[in-house]
Structure formats: C-alpha cells, structure tokens
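Let's take a walk through this structure together, starting with how its elements are named and then moving from the ligand out to a handful of individual residues.

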Amino acid sequence: MSRRARDLRTRYTVADLCALSADEARRFLRSGPGDPRVDLPLAWELLYRLEPELYDRLASAERLHRALLRWLPSDVDRVVEVGAGTGRLTLELLGRAREIVAVEPAQPLREILARKLRGAEHGDRVRVTAGFFDDLPLPDSWSDVVVACSALTPEPGHGGDAGLEEMERVCKPGGCVAIVWPNNVAWLEGHGYRHISFAGEMFVEFASPEDAAELAEIFYPGAVAEIRRRGEQRVSFDTLGINPPRDAAFKVMAA
Ligand SMILES: C[S@@+](CC[C@H](N)C(=O)[O-])C[C@H]1O[C@@H](n2cnc3c(N)ncnc32)[C@H](O)[C@@H]1O
C-alpha cells in the first residue's frame with residue numbers, strides 16, 4: 001500500500017526531487033519555487049518519473065478526439081513528436097509516416113512507449129529518444145510534421161518560445177508544426193499559429209467505475225463525489241472541469 005498522499009497536489013515532496021536528472025532539474029526548477037506541493041507542473045514531472053504506470057493509466061483513459069486524429073497528416077515521410085510520453089498520440093501516428101522520431105525526456109515514459117511499440121504494427125518505424133523542446137536532437141528541416149500533444153507550454157522549462165523555435169527549426173519548409181491539445185492558444189496565435197477545434201461532448205474512458213474514482217482522487221479531486229455518485233466508468237470532461245482534447249494550433253512553415 002502506497003504511503004503517498006492521494007491528491008497529486010500533495011503527493012510528492014522536495015525529497016522526491018532526486019528523481020530528476022541534472023538536465024531535468026535545470027529546466028523544471030528554473031522558474032518555480034522548487035516545491036512540488038506548490039508547483040503543479042513540477043508534481044507532474046515527478047509523476048512521470050516515480051509512478052509512470054499511474055500516469056499511463058490516466059493518459060490511456062483520456063483519448064484524443066477522433067476528428068482531430070483524422071485531421072492530422074496521414075501520409076508523410078517523417079514525423080517528429082516532442083514530449084511523446086507513453087504514446088497517446090505516437091501510437092495513432094503509426095502507419096502515417098515512413099519514419100517517426102518520438103522525443104521524450106522522462107526515461108520511465110520512454111520505456112513504456114518502447115514496450116507498446118514492440119507489440120504494434122509499424123512500431124519499428126519509430127525511434128524513441130531522449131531530448132527536450134529547447135534542444136532537439138535533429139537536424140534543420142528534417143521533418144514534414146513536428147507535433148507535440150499536451151506537452152508544450154509557454155513556460156521555458158516546458159518549451160516556451162525557445163522550444164517553439166526548435167520545433168520550427170526541425171520542420172521542413174512547407175511542413176507543419178502542430179500543437180495538439182494546447183494549454184495556451186493565445187500564446188501560440190501570437191506566434192502565427194491558427195487554432196482548430198472539433199465539436200461534440202467528450203468522455204474519459206476509464207477502465208472501470210472503481211478506476212474512475214481512484215484516478216479522480218489523484219488527478220481530479222473536485223470531481224470525486226460526482227463520479228462516485230454516478231458510478232460510471234465513462235466520465236465527461238465537463239464533470240472533470242477540464243477542456244477536452246479536441247483542438248490544435250498549427251503553422252504551415254513558409255516554403
Ligand atoms: C501531459 S504529458 C503528455 C505526454 C503525451 N504527449 C501524451 O499526450 O500522452 C507531458 C509530456 O511532456 C514532456 N515534457 C515536459 N517538459 C518537456 C521538455 N522540456 N521537453 C520535452 N518534453 C517535455 C513530459 O515528459 C511528458 O511526457
């Protein structure tokens with residue numbers, strides 16, 4: 001039985017910061033107070049490293065809008081995905097490109113992604129590698145599509161302006177940079193990105209009603225009472241109080 005607090009906001013302490021490598025600490029501790037109990041993005045970073053399977057249970061339940069997936073390019077030579085995590089988007093991109101590079105800084109997430117790819121059709125077309133938004137291990141103009149899903153934010157440690165510039169550097173002229181499920185559309189629009197959103201009510205598909213309640217206690221404590229009352233494994237994003245993964249911001253690079 002874990003002795004950790006349930007709620008992600010109090011789950012980790014400064015004693016857990018040793019899970020970060022020097023490169024990670026330099027990025028993730030640069031702007032905040034360095035305490036995961038008051039710095040929620042830092043708590044997420046610790047989750048990826050200390051309890052990666054728990055994160056994967058959540059990400060697997062929060063599926064991307066089908067129309068958004070159809071909108072993404074389906075037949076290109078190369079795709080780069082940055083902040084690929086355990087592959088929520090990566091696995092949807094298989095078969096759409098001859099070569100995919102999935103960049104992910106957290107080693108435990110890379111391991112889960114590599115495991116999933118081993119069992120997947122076209123999984124051998126994906127190279128999983130370490131890297132950060134602001135320092136991508138790829139040459140200029142290498143990729144037709146450069147994408148990130150629920151990963152890039154305006155904060156420098158999670159990409160910021162430098163990370164967006166890096167994504168554009170790696171993208172071919174005439175190619176597309178796409179930020180899926182962006183957390184700050186205005187910032188991206190300020191950098192010349194267009195916003196697209198797909199309609200329809202969306203649900204998180206938990207594995208069971210018990211799974212819904214358990215994960216909500218950690219990630220959506222404000223929704224636990226309602227989730228328990230309904231006793232369903234399918235929970236609308238409205239109930240959770242977050243915007244659903246239905247949108248993207250994109251820029252076609254000048255040819
Ligand atoms: C919410 S998860 C999303 C993961 C995956 N894209 C998905 O949709 O399931 C955020 C991801 O961004 C990655 N990340 C955070 N900071 C990063 C950085 N500076 N450079 C690259 N990736 C970063 C994290 O390691 C994590 O995998």
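Helices and strands here are DSSP runs, numbered from the N terminus, with helices taken as H or I runs of at least four residues and strands as E runs of at least two. With that in hand, P154 can be placed in the loop between β4 and α8. Please keep in mind as you look around that this is a predicted model.

Let's stay with P154 for a moment. Its relative accessible area is 24%, and because partly exposed covers the range between 20% and 50%, P154 is partly exposed. If you would like a sense of distance from here, try L40: P154 and L40 are 114 residues apart along the chain, and their C-alpha atoms are separated by 15 Å.

The loop that holds P154 also holds S150, with β4 spanning 143-149 and α8 spanning 160-170. The backbone of S150 deserves a look, since its phi is near 50 degrees, a positive value in a residue other than glycine. S150 has a relative accessible area of 39% and is partly exposed.

Now turn to the ligand. How many residues surround the ligand? There are 21 of them, and the closest are G83, E104, F133, C149 and G157. Sorted by class, this shell has 11 nonpolar, 6 polar and 4 charged residues.

Backbone atoms come up several times around the ligand's nitrogen atoms. A polar backbone atom of G83 is 2.7 Å from a nitrogen atom of the ligand. For F133, a backbone N or O atom lies 2.9 Å from a ligand nitrogen, and for G157 a backbone N or O atom likewise lies 2.9 Å from a nitrogen atom of the ligand. On its own the ligand has 580 Å² of accessible area, and the protein covers 96% of that. The space that the ligand takes is the largest pocket. Which elements give two or more residues to the shell around the ligand? They are α3 (40-50) and β1 (76-82).

Let's move on to another positive phi, that of W181. Its phi is near 50 degrees, and W181 is a residue other than glycine. You will find W181 in the loop between β5 (171-180) and α9 (185-189). Is W181 buried or exposed? Its relative accessible area is 9%, so W181 is buried.

Next, a charged residue in a helix. R11 is found in α1, which runs over residues 8-11. At 7% relative accessibility R11 counts as buried, because buried means under 20%. What does the side chain of R11 make a polar contact with? The partner is the side chain of E51, at 2.7 Å.

Two more stops complete the walk. E53 lies in helix α4, residues 52-61, and with a relative accessible area of 40% E53 is partly exposed. Measure out from there to V177, and you cover 124 residues in sequence and 29 Å in space, C-alpha to C-alpha. G95, in turn, is found in the loop between α6 (90-93) and β2 (97-103), and at 37% relative accessibility G95 counts as partly exposed. Its C-alpha atom is separated by 8.6 Å from that of G123, with the two positions 28 residues apart along the chain.

Conventions: Residues numbered from 1 in each chain as written. Predicted model: local features only at pLDDT ≥ 70, side-chain atom pairs only at ≥ 80, totals over all residues. Heavy atoms only, no water. Near = heavy atom within 4 Å. Polar contact = N/O pair within 3.5 Å; in protein donor to acceptor, adjacent residues only side chain to side chain. Areas by Shrake-Rupley, 256 points an atom, 1.4 Å probe, with all protein chains shown as cover. 1 Å grid on protein atoms, 1.4 Å probe; cavity = no way out; pocket = protein on both sides within 12 Å on 5 of 7 lines; lining within 4 Å. Sits in = over half its atoms within 2 Å of the grid points. Nonpolar A, V, L, I, M, F, W, Y, C, P; charged D, E, K, R; others polar. Buried < 20%, exposed > 50% of the residue type's maximum accessible area, 1.4 Å probe, protein only.
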